[in-house]
Amino acid sequence: MHYGQTEIIICDDAADLGQKSAEAVASTINHLLSAQDEVRIVFAAGESQTTFLAALAEEDIQWDKVVCISMDDFWDPRMPEEF
């Protein structure tokens, strides 16, 4: 199913959504790693990401070539250095 050029995927539940999302992201990471030495990716934080991150951790990915950044690690350069 599509909405314009966007593919719409219907999931049974949060676990299914996490699994399908993890498979898509793993495919993209592996595709990028076939063309470059390293991939950098920013992951969202929060409860809504739990099933996705758990499923992604089980995917066959060369994690030693992936630099992961969590949104929780965001640093605002406008903040004083004491923080």
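Contact here means that heavy atoms lie within 4.5 Å of each other. Keep that in mind for the residue I start with, Asp16. What you see above is a predicted model.

Which residues does Asp16 touch, once its neighbours within four places in sequence are left aside? The two are Ile10 and Cys11. Asp16 itself sits in helix α1, which covers residues 14-33. Is Asp16 buried or exposed? Its relative accessibility is 17%, and the cut-off for buried is under 20%, so Asp16 counts as buried. Cys11, one of its contacts, has a relative accessibility of 23% and therefore counts as partly exposed.

Now the overall layout. The protein chain has two helices and four strands. In sequence order, the pattern is β-β-α-β-α-β. Of the 83 residues in the protein chain, 18% are buried. The chain exposes about 6,700 Å², and 53% of that comes from carbon and sulfur atoms.

What share of the contacts with a separation of 6 or more joins residues 24 or more positions apart? In this protein chain the share is 70%.

Arg40 gives one pair of that kind of separation in sequence, though here I quote a C-alpha distance. Arg40 and Val66 are 26 residues apart along the sequence, and their C-alpha atoms are 5.8 Å apart in space. Arg40 belongs to strand β3, residues 39-43. Exposed means over 50% relative accessible area, and Arg40 is at 65%, so Arg40 counts as exposed. Its side chain also makes a polar contact, at 3.0 Å, with the side chain of Glu38.

Next, the surface. Which residues make the nonpolar patch of about 500 Å²? They are Met1, Tyr3, Ile8 and Ile10. Ile10 has come up already, as a contact of Asp16. Met1 is found in the segment before β1, the strand at 2-3. With a relative accessibility of 62%, Met1 is over the 50% cut-off and so counts as exposed.

Last, the cysteines. Cys68 has a relative accessible area of 42%, which means that Cys68 is partly exposed, as it falls between the 20% and 50% cut-offs. Cys11, at 23%, was placed in the partly exposed class earlier. How many disulfides are there, if a disulfide is a pair of cysteine sulfur atoms within 2.5 Å? The count is zero.

To recap, Asp16 in helix α1 is a buried residue, and Arg40 in strand β3 is an exposed one.

Notes. Residues numbered from 1 in each chain as written. Predicted model: local features only at pLDDT ≥ 70, side-chain atom pairs only at ≥ 80, totals over all residues. Heavy atoms only, no water. Buried < 20%, exposed > 50% of the residue type's maximum accessible area, 1.4 Å probe, protein only. Areas by Shrake-Rupley, 256 points an atom, 1.4 Å probe, with all protein chains shown as cover. Patch = residues over 30% accessible without salt bridge, like charges linked within 9 Å, V, L, I, M, F, W, Y side chains within 5 Å. Salt bridge = Lys/Arg side-chain N within 4 Å of Asp/Glu carboxyl O. Polar contact = N/O pair within 3.5 Å; in protein donor to acceptor, adjacent residues only side chain to side chain. Disulfide = S-S within 2.5 Å.
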